[in-house]
There are 4 protein chains.
Amino acid sequence: MPGNSFGQVFRITTWGESHGPALGVVIDGCPPRIPLREEDIQVELDRRRPGKSLVESPRKEPDRVEILSGVFEGLTTGCPISLIIYNKDARPGAYDHLKDVFRPGHGDITYYRKYGHRDHRGGGRSSGRETAARVAAGAVAQKILDLSGIKVIAYTLALGGVRARRKDLSFIYQNPLFCPDPEALPAMEARVAEVRAQGDSIGGVVEIIAQGVPAGLGEPVFDKLDAELARALMSIGAIKGVEIGSGFAAAEMLGSEHNDPITPEGFRSNHAGGILAGISNGDEIICRVAVKPIPSIAQEQDTIDIHGTPRKITVGGRHDASAIPRIVPVCQAMVRLVLADHLLRQRAIEGWI
Amino acid sequence: MPGNSFGQVFRITTWGESHGPALGVVIDGCPPRIPLREEDIQVELDRRRPGKSLVESPRKEPDRVEILSGVFEGLTTGCPISLIIYNKDARPGAYDHLKDVFRPGHGDITYYRKYGHRDHRGGGRSSGRETAARVAAGAVAQKILDLSGIKVIAYTLALGGVRARRKDLSFIYQNPLFCPDPEALPAMEARVAEVRAQGDSIGGVVEIIAQGVPAGLGEPVFDKLDAELARALMSIGAIKGVEIGSGFAAAEMLGSEHNDPITPEGFRSNHAGGILAGISNGDEIICRVAVKPIPSIAQEQDTIDIHGTPRKITVGGRHDASAIPRIVPVCQAMVRLVLADHLLRQRAIEGWI
Amino acid sequence: MPGNSFGQVFRITTWGESHGPALGVVIDGCPPRIPLREEDIQVELDRRRPGKSLVESPRKEPDRVEILSGVFEGLTTGCPISLIIYNKDARPGAYDHLKDVFRPGHGDITYYRKYGHRDHRGGGRSSGRETAARVAAGAVAQKILDLSGIKVIAYTLALGGVRARRKDLSFIYQNPLFCPDPEALPAMEARVAEVRAQGDSIGGVVEIIAQGVPAGLGEPVFDKLDAELARALMSIGAIKGVEIGSGFAAAEMLGSEHNDPITPEGFRSNHAGGILAGISNGDEIICRVAVKPIPSIAQEQDTIDIHGTPRKITVGGRHDASAIPRIVPVCQAMVRLVLADHLLRQRAIEGWI
Amino acid sequence: MPGNSFGQVFRITTWGESHGPALGVVIDGCPPRIPLREEDIQVELDRRRPGKSLVESPRKEPDRVEILSGVFEGLTTGCPISLIIYNKDARPGAYDHLKDVFRPGHGDITYYRKYGHRDHRGGGRSSGRETAARVAAGAVAQKILDLSGIKVIAYTLALGGVRARRKDLSFIYQNPLFCPDPEALPAMEARVAEVRAQGDSIGGVVEIIAQGVPAGLGEPVFDKLDAELARALMSIGAIKGVEIGSGFAAAEMLGSEHNDPITPEGFRSNHAGGILAGISNGDEIICRVAVKPIPSIAQEQDTIDIHGTPRKITVGGRHDASAIPRIVPVCQAMVRLVLADHLLRQRAIEGWI
């Protein structure tokens, strides 16, 4: 059954496999008369491009996006926007030895059991490459958020146990790890280098904040803003946990500590993470996600093949030591998509009665 | 915009306010010929009924469910099942003093800002009472899961910092805290009593496991099973975080530790929490949620009224010291709803080609 | 799979069988702060109540609607509006002889083949009684249309071959056939009396017009306004055809005749029926539907039972000679629902960029 | 708001403008392991290609479809199928004179009023060219129908007042008008030639039948099979009316005539058109649609420009005299899409309890 669409009013549908001819996204429901150029999207895609740092695999993906519809003379028309990215650096043959064997920690085994037939090349549809389409769509969503002065920022809060202590948002794009703390960066880099040298990989924590979000977004009781953010973020491949505001720390707090006192100037604290009862409260929205270590490692692992026979596997290949540098822009994109959708959803009731 | 429906094939729509005449749910998409009696639903509702223990408020809610449609001669017909629960113990007048003032930590302020008009009595639609409809629907979902031998179990993993160390599933329903650890129970109870005596409240962690789930459930890339579980669970009022499998611990793990080796007998570990690439892998599904302390506390708090004037508020009333005993059955219900929906979604492609 | 919801932004979900305890509708997505009383809905329900004229069966259905949620102090809250109508005059036993035999022209056989189990009493879910919930929801939709000055009018254009020549809209509610032509009325009444005396039934044509609809409603390319109207109207039990504007007459027209010339004052003709390329053009919207004769007739008919054995059946009972007097308000309701939904859908792009 | 998707389980999303770089469709929800080649789709596209006969405009559109995703080694994978057709013969400049003026009978004026900005070239998104994506998707839908032995046939029942009397289904693809009656064909051709010589255009009636449809498809009460067919067909640009079975003739029939008697061998007649109470009854499904004359005519017409100034317009260009030869395959495609979707929807309840 269909599962490749996201959003109710600003709705995206993504398609494409890692080593097929192309991947892309159709955006349906984008309002008309919004300026949009390929460069607006390209700049965001470039941020998730591998090969930027030592953390990541050297695969060269130019990832040039083309707008095929829905934009005329530089403005959106209100009709579906089709974006395409051709897979230039696909090397399908490189995956022949993985055709019949399941890589541990990957979707190989579940895609096989669900569909009975799969494009095994580089993970096919389950590849992280799919997220390029999300980032492209997120760039379009941001054009809508821009109209309301909403800003979404994502960064690496922790990597391999090294935690950013300071949050210098201006530093995020000055380093390939999207680390907001200049002092924590060297330790993060060292940890990644160490793990990489061992043929291993490592996880981390990404934090995403949204500033300028007006009060009122989110649709109780099932399409609450936090529920939608949780779904959006958890739909990214490597993510195993999502927190809003206080998150798991709330489990040990008292009500008198956790409640954010309300003053005429706003909330005195933000344990809510900007969301109360599923609706934005006007404060900064704060999400955190746990990113698991990339399952492709250069060490030998136990697995089975499609016949159930035990096998040893060493994935090797041109892989990243951490998903973080690719996932940060994807998290940002997903939050953008949720907010743009809910900004438009809220318009059905806003300011007209 | 509509936000009160959940599920694609097994779809529920809930309605009702805390102190209106009734609340209920319409279930559309339930297959026909499934035995269903009011008692099947009532037994689940009774589990979330307040007044069972000292932890909870003494409000008496008989919560009698009635089936109004969709069942004929004891079997579902495939037509919408309408369930209603009349609010017998509603005391609307008890909330007059809260009409114009926002309780911190509650949805009062966000409902007001979103809709401009709200039923303030007991939180209206944002009340936890809404979840009775979810539990009722979850009981119907379980009838479908029964056909596939799927069992969903929820329990209190931690309460106010006291953690269950053992998991004795047979003990869960023998104590009002749904604690699976007979040894941890006294400490949990003591912690709750202590907090309650201070007019305060406390959070906790609920774990939900699903056994017998076949491989193949979940619809990449946005309706992945973990993404749907995250949305479902985060849509419950007091929840601030969701984890699948290893959860936030994954952020500090190595790939070589985190990957679950595959053997002919199954996975050797279950960091995945039963889900790989958004699709169930046949192993036990494991979710955890962070529950914030109930915001209604008997201590004075700072807030404002609808005119923006600073106010002091003491919520008092007949409130619980912890949401846990009510939320455990709701978490269970939401996981049941997700699994029933995806079990039916999977049927579109299963075993026919 | 779910099929009992209608609308994207103003979404209704209906439930209930003809002879169950009650039927109803949940309206999700109604904007807040709209005045709504039970009387607003009751007046519309009374229009479709049987027993008003000789044309119809004498079954007495008080059809009292109750608002169970979503309205507080006379105003909608933006939360789901649950409406319920108890079945007061249900006589389930009256249908025992039809339990195992299929009435020709009815859904008995198809419900049985689809679901394998059905509530046979009075047609169960397939009964025309289900449309009471549509009419109730349509009354709420009209409250939204009122805010934009949109008026929806439905009337009997033809009955049993007798066609209304004049359209005196003020006359519609002055006669039980909703006939707009005082001169055609006696012939229509005579035709109905004649058919009724023969134990037979007869079809007709209903026309629905919408005035004051702004240009811009409708969402190409699949949710075009005419496509949505066609679906909405064809979903009513007895309807076999839908036309917009020129309808089937267009099939024999030339382009030079059919095109509506555009002038600064508006369109010079209205073959389009107020819709061009699926979007309202600001002109009056015109739909017509063909209503089949009611299948319940007092004549003996050939059929089979659930075992496939040939049977003779005489349905008899308290049935109408024509569906027209009940269907006119239902057609009106469905057009109201489509327009309210699209009015709100259009708000996502309207007047904000 | 999104309107470019169709279907619940087999869901398509189309995109693209008449003179943009390309158009296409994403199919989400296609079951895996279905053989699919580009040729399977191409053969259907070739049927709607203009330039086949004198009836149509000489525009050359090779309309080569490419599969970009969702198919691996000749079989569908269950992942989204992305199909693209590049616009090879686009001549954007040819439409400069129509930039600011509205062609009567076209969507120019309504797109402008809805969106405020439009791609005017050849109608942009409102062009009939959009239907190429529908035909391509319909070809994939047919692969699913093939598995159940369902056949969908469409033909020209009437053209410019000339009606086919015989239905020789083998003759349909032997003539460019899709006329099933060898004797009526010359009169149809003569009528088209006559109208074309006058610089005018003409309408017609298309009939679509589906054979081999099992009983049980359709989801009451809003997603009834006839309601979905009506929506699907009315969403095609030039269609002004839809009938199922007896259609508008039902309005003048008696119940005793219209009811289809049921026998152990099946229904004795088929006024129902294969659908009872919105569910297929196992008999042949019969739909008819009224096609309006193409609005692009070579005669001078009155209109206005975007400033509201009166203008004279002669559309001229390379246009068809009748939409029929293009619309027949599109009607067929839409019926295929509805049936494939409902075949899969029915699987949620079929044969498992």
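Q: How many residue pairs are in polar contact across the interface of chain A and chain D?
A: This is a predicted model, and the two chains meet through 45 residues from chain A and 45 residues from chain D. By class, the chain A side of that contact has 18 nonpolar, 17 polar and 10 charged residues. Counting only pairs in which both residues have pLDDT 80 or more, the polar contacts across this interface come to 14 residue pairs.

Q: Which element of chain A gives the most residues to the side that touches chain D?
A: Several elements of chain A each supply at least two residues to the side that touches chain D: β2 (11–16), β3 (22–28), β6 (75–76), β7 (81–86) and α2 (108–115). With five residues, the element that gives the most is β2(A).

Q: Which residues of chain A lose the most area to chain D?
A: Between chain A and chain D about 3,600 Å² is buried, and carbon and sulfur atoms give 63% of that area. Three residues together account for 19% of what the chain A side buries. They are A:Leu68, A:Phe72 and A:His117.

Q: Which residue of chain A forms a salt bridge with D:Lys99?
A: The rule finds two salt bridges across the interface of chain A and chain D. In the one with D:Lys99, the closest N and O atoms are 3.4 Å apart. The partner in chain A is A:Glu73.

Q: What area is buried between chain A and chain B?
A: Let's turn to the other interface. Here 107 residues of chain A are in contact with 107 residues of chain B. In chain A, the residues that lose the most area to chain B are A:Met1, A:Phe222 and A:Lys240, together 12% of what that side buries. Carbon and sulfur atoms give 62% of the buried area, which is about 7,900 Å².

Q: How many salt bridges does the rule find across the interface of chain A and chain B?
A: The side of chain A that touches chain B divides into 50 nonpolar, 35 polar and 22 charged residues. Across this interface, 57 residue pairs are in polar contact. The salt bridges found there number six.

Q: Is A:Lys114, which forms a salt bridge with B:Glu219, buried or exposed?
A: The closest N and O atoms of this pair are 3.0 Å apart. The pair crosses between chains, from the loop between β10 (204–211) and α5 (225–234) of chain B to helix α2 of chain A. B:Glu219 has 2% relative accessibility and so counts as buried. A:Lys114 has 4% relative accessibility, so A:Lys114 counts as buried.

Q: Is A:Arg268, the partner of B:Asp302 in a salt bridge, buried or exposed?
A: The closest N and O atoms of B:Asp302 and A:Arg268 are 2.9 Å apart. B:Asp302 sits in strand β17 (residues 301–304) of chain B, while A:Arg268 is in the loop between β13 (266–267) and β14 (275–276) of chain A. The cut-off for this class is over 50%. At 53% relative accessibility, A:Arg268 counts as exposed.

Q: Which residue forms a salt bridge with C:Arg326?
A: Over all chains, the count by this rule is 100 salt bridges. In the one formed by C:Arg326, the closest N and O atoms are 2.7 Å apart. C:Arg326 and its partner are both buried. That partner is C:Asp320.

Q: At which residue of chain A does UniProt place the feature "binding site"?
A: The residue lies in the loop between α1 (38–47) and β4 (65–67) of chain A. Its relative accessible area is 0%, so the residue is buried. Among the residues in contact with it are A:Asp63, A:Gly128, A:Arg129 and A:Arg326. According to the unreviewed UniProt entry, the feature is at A:Arg48.

Q: Which residues are in contact with A:Thr131, leaving aside its neighbours within four places in sequence?
A: A:Thr131 belongs to helix α3 (residues 131–147) of chain A. Its relative accessible area is 7%, so A:Thr131 is buried. Apart from those sequence neighbours, the residues in contact with A:Thr131 are A:Arg48 and A:Val330.

Terms used: Residues numbered from 1 in each chain as written. Chains lettered and ligands numbered in written order. Predicted model: local features only at pLDDT ≥ 70, side-chain atom pairs only at ≥ 80, totals over all residues. Heavy atoms only, no water. UniProt positions renumbered as here; feature names shortened; annotations may be inferred. Helix = DSSP H or I, 4+ residues; strand = E, 2+ residues; numbered from the N terminus. Buried < 20%, exposed > 50% of the residue type's maximum accessible area, 1.4 Å probe, protein only. Contact = heavy atoms within 4.5 Å. Buried area = accessible area lost by both parts, 1.4 Å probe. Salt bridge = Lys/Arg side-chain N within 4 Å of Asp/Glu carboxyl O. Polar contact = N/O pair within 3.5 Å; in protein donor to acceptor, adjacent residues only side chain to side chain. Nonpolar A, V, L, I, M, F, W, Y, C, P; charged D, E, K, R; others polar.
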